[in-house]
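Reader: I'm new to protein structures, and I'd like to learn how to read one. Could you walk me through it, one feature at a time?

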Amino acid sequence: MGILMLGAGFQATILGLRATLEGFPTPVTGLVMSCYYVGYLLGTQIAPRALQRVGHVRAFAALAALASVASLVHASWVHPLPWALMRLVSGLCFAGIYVVAESWLNHRASRANRGRLLAIYMLVLYVGLGSAQFLLVLTSPESSAPFMLISALISLAMVPIVASAQQTPEPAVPHRVRYRDLYRNSPLGVVAVAASGLISSIIFSMGPVYARLSGNGPRGVAAFMAVSILAAVLTQYPVGRLSDRVDRRTVIASACTLATLVAASIVFFGPLPRGLFLALTALFSGSALTLYSLSVSHVNDKLEPAQMVDASSALLMMNGMAAAAGPVLAGSLIHAFGPRAYFATLGTLTGALTVYDLWRKSRRAAVPRELKGPFINTQQIVTCAGLDSPPARRADAPTGPEVAPTGLDAARAGAVRAKEAI
């Protein structure tokens, strides 16, 4: 998965940069990048069926092969239409690959080590995505070499999986839950999950476009994206652990407020010195990219263990649908108002979520600390959503990117007993 993330992270950045160099209109670039999330949604539906029919190893190999081919097609036909189609194929393949890898990991994990394994797994993914940005300095973005390198990395990622002798799990497809019931249970959590999809898709898809339009060359784009992604590695656990000790809504509001102030500073006081700009970028991304983890944790605080797998799958779908709209929205606004619209859009989203959070706090009491499940680091760059953990076995199977629902067995069982006592 670390090798695969090198290819996936490099692909998203090089496509945004190359589209700008080729003169694609910014709204068109946003539409092309959004197709990834459309494919992502399709992949979450197709992958469980593929796992049932052909198993984990064959499903991983087939999806990785298609993703490798899609990268080569990008190099062969530099045009928005084939790029949009291949972007959709890439989203479908990567979503399926994440399902395979995370469900396999979750099956092999025990109750005692699941949280630690998922944390290490997420660290590997973030380091891979962040390190991938520096591959820009090794190749020319105007050539086909970057796409060949991406194809090679994706193909290379198949080797450990195909060569593995580990026993593979038997998959099981979850049932869906109604969004209306989920919203009634946790309005803030549901809205925040959707908002985080918009925010993260804009960062990952339109960040390279913004950096290029701001006058940066390949090295500048690489540094901007690396800082944006790697900042989340440092903030996920401290923010998550804080949310275990205080009202998660307060932590969400604080993260959103900080992100909004930082975005406003970049918009209104730019251009800024390079070092200060990158520091503010890290501060914004480090705050904003914690929102999905916090939101899923907040939703799970209101659920019984048997509901978590179904709910996490529904949250993944909601997050993906919102993410599909993010690049189109940001691309259109950047085209109309210039590069500053990038941080203006992100700041507006985090500001709106802050207001909604504070309003919800005035309408409902906080979840008692003894009823809260432990925080487990999650992000929407991955997508398993517990897709093959049967509810009877465990409800703390991982969710999606850009993701695992929170809750360890002993703590969750204690919370349930406390609820029953109340």
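Author: Gladly! Let's begin with a cysteine. This is a predicted model, and in it Cys-35 counts as buried because its relative accessibility is 17%, with under 20% as the cut-off for that word.

Reader: Is Cys-93 buried or exposed?

Author: Cys-93 is buried, because its relative accessibility is 0%.

Reader: How many disulfides does the structure hold?

Author: First the general idea: a disulfide is a covalent bond between the sulfur atoms of two cysteines. In this structure the number of disulfides is 0.

Reader: Now the overall picture, please. How many helices and strands are there in the protein?

Author: The protein has 16 helices and 0 strands. Of its 422 residues, 59% are buried. The area it exposes is about 15700 Å², and 67% of that comes from carbon and sulfur atoms.

Reader: Which residues in the largest nonpolar core touch the most other members?

Author: The general idea helps here: in soluble globular proteins, nonpolar side chains tend to be buried together. The largest nonpolar core here has 99 residues, and those touching the most other members are Phe-94, Phe-224, Phe-284, Tyr-342, Phe-343 and Leu-346. Apart from that core lies another, of 9 residues, including Leu-182, Val-190, Val-299 and Ala-314.

Reader: What does Phe-224 touch?

Author: Leaving out residues up to four places away in sequence, Phe-224 touches Gly-207, Tyr-210, Ala-211, Phe-277, Leu-278, Thr-281, Tyr-342 and Phe-343. Two of these, Tyr-342 and Phe-343, are also in the list of core residues that touch the most other members.

Reader: And the surface? Which residues make the nonpolar surface patch of about 350 Å²?

Author: That patch is made by Phe-134, Val-137, Leu-138 and Leu-230. Leu-230 belongs to helix H10, which covers residues 218-245. With a relative accessibility of 30%, Leu-230 counts as partly exposed.

Reader: Let's finish with a glycine. Where is the place of Gly-286?

Author: Look in helix H12, residues 274-288, and you will find Gly-286. Gly-286 is buried, because its relative accessibility is 2%.

Reader: What does Gly-286 touch, not counting residues up to four places away in sequence?

Author: Its contacts of that kind are Ala-231, Ala-232 and Thr-235. Try comparing sequence with space here: Gly-286 and Ala-231 are 55 residues apart in sequence, yet 4.8 Å apart in space, C-alpha to C-alpha.

Conventions. Residues numbered from 1 in each chain as written. Predicted model: local features only at pLDDT ≥ 70, side-chain atom pairs only at ≥ 80, totals over all residues. Heavy atoms only, no water. Disulfide = S-S within 2.5 Å. Buried < 20%, exposed > 50% of the residue type's maximum accessible area, 1.4 Å probe, protein only. Patch = residues over 30% accessible without salt bridge, like charges linked within 9 Å, V, L, I, M, F, W, Y side chains within 5 Å. Areas by Shrake-Rupley, 256 points an atom, 1.4 Å probe, with all protein chains shown as cover. Salt bridge = Lys/Arg side-chain N within 4 Å of Asp/Glu carboxyl O. Helix = DSSP H or I, 4+ residues; strand = E, 2+ residues; numbered from the N terminus. Core = buried A, V, L, I, M, F, W, Y, C linked by side-chain atoms within 4.5 Å. Contact = heavy atoms within 4.5 Å.
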